[in-house]
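Colleague: Could you take me through this model slowly, and show me how each descriptive word is earned?

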Amino acid sequence: RGARRVTDVGVRVLGQALGDTLETLDISSMHLVTDGVDRGFGFEGLLALAQDVQCLTSLHLDGCFQVSNRSLNALAKGCSTLKELGLAGCPRLTASGLGNLCDASRKTLEKINLGCCGDCVDDELVCALAKGSPQLKQLFLRDCERWGQAGAKALARYCKRLHRLDCTGCTSLDDEGVAQLAECHWKFPGL
């Protein structure tokens, strides 16, 4: 974690070497890691990794601010067993990319961290996440200020197993949104 000099080349080599057996990968704060590019001989970065990691259950890309739709869609094609996904501090996420990745692991995905992702986390993204994550138990949306009632309604409707929701600093979430969440009678040890 935090090996800040690791680039897309290192991520490709890691995937090639360990892809068949790799279950947990935390490359948080590796700022030089990107979605990847096609170098003619193959992909680099997360696009290359996505081709090799079929056994991955835990993926943390927190602080990898260059991650976007391209790599999320590629990971969706190769990762169907994710239980845990960390994308905190990734400001380039979209509803379609995250929705596809969640949907690919819809039977297993239990924990997602999107804290401090900025303006990209809005109602559309939370709705896509909720629809694709029926097994979700923990969701961290700390300081994601653009989601509110529609996102809360989707979480209440689709994420029946949710028992931990961090919405600290979510300034668009109002009383009506909280009422939506409360109507589903979750057992919340922490809201």
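The conversation below goes from the whole chain to its helices and then to single residues.

Modeller: Please keep in mind from the start that this is a predicted model.

Colleague: How do you know that the radius of gyration of the protein agrees with that of a compact globule?

Modeller: For 191 residues the rule for a compact globule gives a radius near 16 Å, and the protein has 16 Å, which is why the two are said to agree. Along the principal axes, the C-alpha trace spans about 55 × 30 × 25 Å. The accessible surface comes to about 8,900 Å², with 48% of that area belonging to carbon and sulfur atoms, and 49% of the residues count as buried.

Colleague: Which elements make up the chain, and in what order do they run?

Modeller: There are seven helices and six strands, and from the N terminus on they run α-β-α-β-α-β-α-β-α-β-α-β-α. As for contacts between residues at least 6 apart in sequence, 82% of them join residues at least 24 apart.

Colleague: Why are helices H6 and H7 called roughly parallel?

Modeller: Helix H6, residues 149-158, and helix H7, residues 175-182, pack at an angle of about 5 degrees, with 8 Å between their axes. Angles under 35 degrees count as roughly parallel, and the pair is therefore described in that way. On the H6 side the contact is made by Gln149, Ala152, Lys153, Leu155 and Ala156, which meet Glu176, Gly177, Gln180 and Leu181 of H7. Sorted by kind, the residues of this contact are four nonpolar, three polar and two charged.

Colleague: What makes helix H5 mostly covered?

Modeller: Of the 10 residues in H5, which covers 123-132, seven are buried, namely Leu125, Val126, Cys127, Ala128, Leu129, Ala130 and Gly132. Their cover includes helix H4, strand E4, strand E5 and H6. Helix H3, residues 69-78, has buried residues too, among them Leu72 and Leu75, and the buried residues of H3 pack against H2, strand E2 and H4.

Colleague: Is isoleucine 27 buried or exposed, and how do you know?

Modeller: A residue is buried when its relative accessible area is under 20%; isoleucine 27 has 4%, and therefore it counts as buried. This isoleucine 27 lies in the loop between strand E1 and helix H2, where it touches Val11, Val33, Leu46, His60, Leu61 and Cys64, if residues up to four places away in sequence are not counted.

Colleague: Why is valine 9 given the label that it has?

Modeller: Valine 9, which belongs to helix H1, has a relative accessible area of 38%. Buried means under 20% and exposed means over 50%, with partly exposed in between, so valine 9 is called partly exposed.

Colleague: And what makes leucine 136 count as buried?

Modeller: Its relative accessibility is 0%, and the limit for buried is under 20%, so leucine 136 counts as buried. The place of leucine 136 is in the loop between H5 and E5. Leaving aside neighbours within four places in sequence, leucine 136 is in contact with Leu109, Glu110, Lys111, Ile112, Leu129, Cys159, Arg161 and Leu162.

Colleague: How far apart in space are valine 9 and leucine 136?

Modeller: From C-alpha to C-alpha they are 33 Å apart, with their positions 127 residues apart in sequence. Leucine 136 and aspartate 122, at 14 residues apart in sequence, are 18 Å apart in space, again C-alpha to C-alpha.

Conventions:
Residues numbered from 1 in each chain as written. Predicted model: local features only at pLDDT ≥ 70, side-chain atom pairs only at ≥ 80, totals over all residues. Heavy atoms only, no water. Axes fitted to C-alpha atoms, helices over the stretch in contact; angles between N-to-C directions. Helix = DSSP H or I, 4+ residues; strand = E, 2+ residues; numbered from the N terminus. Parallel < 35°, antiparallel > 145°, perpendicular 65-115°, else oblique. Contact = heavy atoms within 4.5 Å. Nonpolar A, V, L, I, M, F, W, Y, C, P; charged D, E, K, R; others polar. Rg over C-alpha atoms; globule rule 2.2 N^0.38 Å. Buried < 20%, exposed > 50% of the residue type's maximum accessible area, 1.4 Å probe, protein only. Areas by Shrake-Rupley, 256 points an atom, 1.4 Å probe, with all protein chains shown as cover.
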